[in-house]
Amino acid sequence: MFFDFSSAFNTIQPRLLRAKLENMQMDAPLVSWIEDYLTSRPQFVRLRSCVCDPLMSNTGAPQGTVLSPFLFTTYTADFQYHSETCHLQKYSDDTVIVGCVENGQEDEYRDLVESFVRWSRENLLQLNVTKTKEMVVDFSKSKSPPSPVCISGKDVEIVSSSGS
């Protein structure tokens with residue numbers, strides 16, 4: 001399952017990140033600096049000589065900075081999973097759940113997907129179900145397609161390759 005977050009870096013919640021950093025026992029002044037960096041940031045739009053009034057931003061990380069991927073990775077570091085048949089793999093703002101299903105026993109895989117979806121909601125991260133894809137590689141002789149995973153009332157599309 002290849003998960004896609006909607007506007008991943010823009011959804012970091014500074015107060016939640018602060019609590020996560022404190023749980024990691026990060027140095028208190030650094031935690032305070034990161035929270036200050038992410039809160040009360042003025043943003044505005046300029047078109048030639050026309051500038052709109054600034055708006056103060058209190059969520060997310062500034063786009064295009066080196067810190068944004070690091071902060072998002074840290075924000076999501078508290079959800080981990082690895083067993084003999086299932087594991088979670090993260091790459092900055094991309095997350096993949098890999099599961100080996102044998103003899104139709106997909107409970108662990110589906111439970112992990114459900115746990116990750118619940119954790120995402122609890123951490124105010126919105127999954128883009130339209131861009132989330134499930135890739136099934138079937139080595140069995142069975143030609144019946146698996147039932148799709150449902151997230152937020154929408155079936156996740158099953159694809160034949162990660163580029164589909």
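Reader: How many salt bridges does the structure hold?

Author: Six salt bridges. Keep in mind that this is a predicted model. Let us take some of the bridges in turn.

Reader: Which side chain does Arg 18 meet within helix α1?

Author: Start with the general idea. An α-helix has 3.6 residues a turn, so residues three or four places apart point the same way. Now the case here. The side chains of Arg 18 and Glu 22 meet in a salt bridge, at 3.0 Å from N to O. Arg 18 and Glu 22 are four residues apart in α1, which means about one helical turn between them.

Reader: Are these two residues buried or exposed?

Author: Use the cut-offs. Buried means under 20% relative accessible area, and exposed means over 50%. Arg 18 has 23%, so it is partly exposed. Glu 22 has 43%, so Glu 22 is partly exposed too.

Reader: What else forms a salt bridge with Arg 18?

Author: Glu 35 does, with the closest N and O atoms 2.6 Å apart. Glu 35 lies in helix α2 and Arg 18 in helix α1, so this pair ties together parts that are 17 residues apart in sequence.

Reader: Where is Arg 110 in this picture, and which residue does its side chain meet?

Author: Arg 110 meets Glu 106 in a salt bridge, at 2.3 Å from N to O. Arg 110 is partly exposed at 24% relative accessibility. Glu 106 is partly exposed at 22%.

Reader: Which residues do shared partners join into one network?

Author: Arg 18, Glu 22 and Glu 35.

Reader: Now the inside. How many residues has the largest nonpolar core?

Author: The general idea first: such a core is a set of buried nonpolar residues joined through their side chains. In this structure the largest one has 31 residues. Phe 3, Ile 97 and Phe 116 have the most contacts inside it.

Reader: Which elements each supply at least two residues of this core?

Author: Four helices and a strand are on the list: α1 (14–23), α2 (28–38), α3 (67–75), α4 (107–122) and β6 (86–91). Helix α4 gives the most, with six residues.

Reader: What is Phe 116 in contact with?

Author: Leave aside the neighbours within four places in sequence. Phe 116 then touches Phe 3, Phe 5, Phe 79, Leu 88, Thr 95, Ile 97 and Leu 127.

Reader: Thr 95 is on that list. Where is Thr 95 found, and is it buried or exposed?

Author: Thr 95 is in strand β7, residues 94–99. Its relative accessible area is 3%, so Thr 95 is buried. Again leave aside the neighbours within four places in sequence. The contacts of Thr 95 are then Met 1, Phe 2, Phe 3, Phe 5, Leu 88, Gln 89, Lys 90 and Phe 116.

Reader: Which residues of α3 are buried?

Author: Ser 68, Leu 71, Phe 72, Thr 74 and Tyr 75. Look down the helix axis: the buried residues of α3 fall within an arc of 160°, so they line one face of the helix.

Reader: What covers the buried residues of α3?

Author: The cover includes α1, α2 and α4.

Reader: Which residues make a nonpolar patch on the surface?

Author: Phe 2, Met 135, Val 137 and Phe 139 make one of about 430 Å². Take Met 135 as the example. Met 135 lies in strand β8, residues 133–135. Met 135 is partly exposed, with a relative accessible area of 31%.

Reader: What should I look for in the backbone angle phi of Ser 7?

Author: Look at the sign. Phi of Ser 7 is near 45°, a positive value in a residue other than glycine. Ser 7 lies in the loop between β1 (2–4) and α1. Ser 7 is partly exposed at 47%.

Reader: And what is phi of Gln 25?

Author: About 60°, a positive value although Gln 25 is not a glycine. Gln 25 sits in the loop between α1 and α2. At 73% relative accessibility, Gln 25 counts as exposed.

Reader: Last one. How many residues apart in sequence are Tyr 91 and Pro 69?

Author: They are 22 residues apart in sequence, and 9.1 Å apart in space from C-alpha to C-alpha. Tyr 91 is in strand β6. At 47% relative accessibility, Tyr 91 counts as partly exposed.

Technical notes
Residues are numbered from 1 along each chain as its sequence is written. This is a predicted model: local features need pLDDT of at least 70, side-chain atom pairs count only at pLDDT 80 or more; totals for chains, interfaces and linings use all residues. Side-chain values use heavy atoms; hydrogens and water are left out. A nonpolar core is a set of buried Ala, Val, Leu, Ile, Met, Phe, Trp, Tyr and Cys residues joined through side-chain atoms within 4.5 Å. Buried means under 20% relative accessible area, exposed over 50%, partly exposed in between (1.4 Å probe, protein chains only). Contact means heavy atoms within 4.5 Å. The arc is that of the directions from the helix axis to the C-beta atoms. Patches are made of residues with over 30% relative accessible area and no salt bridge: like charges are joined within 9 Å, nonpolar side chains (Val, Leu, Ile, Met, Phe, Trp, Tyr) within 5 Å. Accessible areas come from the Shrake-Rupley method with a 1.4 Å probe; for residues, only the protein chains shown count as cover. A salt bridge is a side-chain nitrogen of Lys or Arg within 4 Å of a carboxyl oxygen of Asp or Glu.
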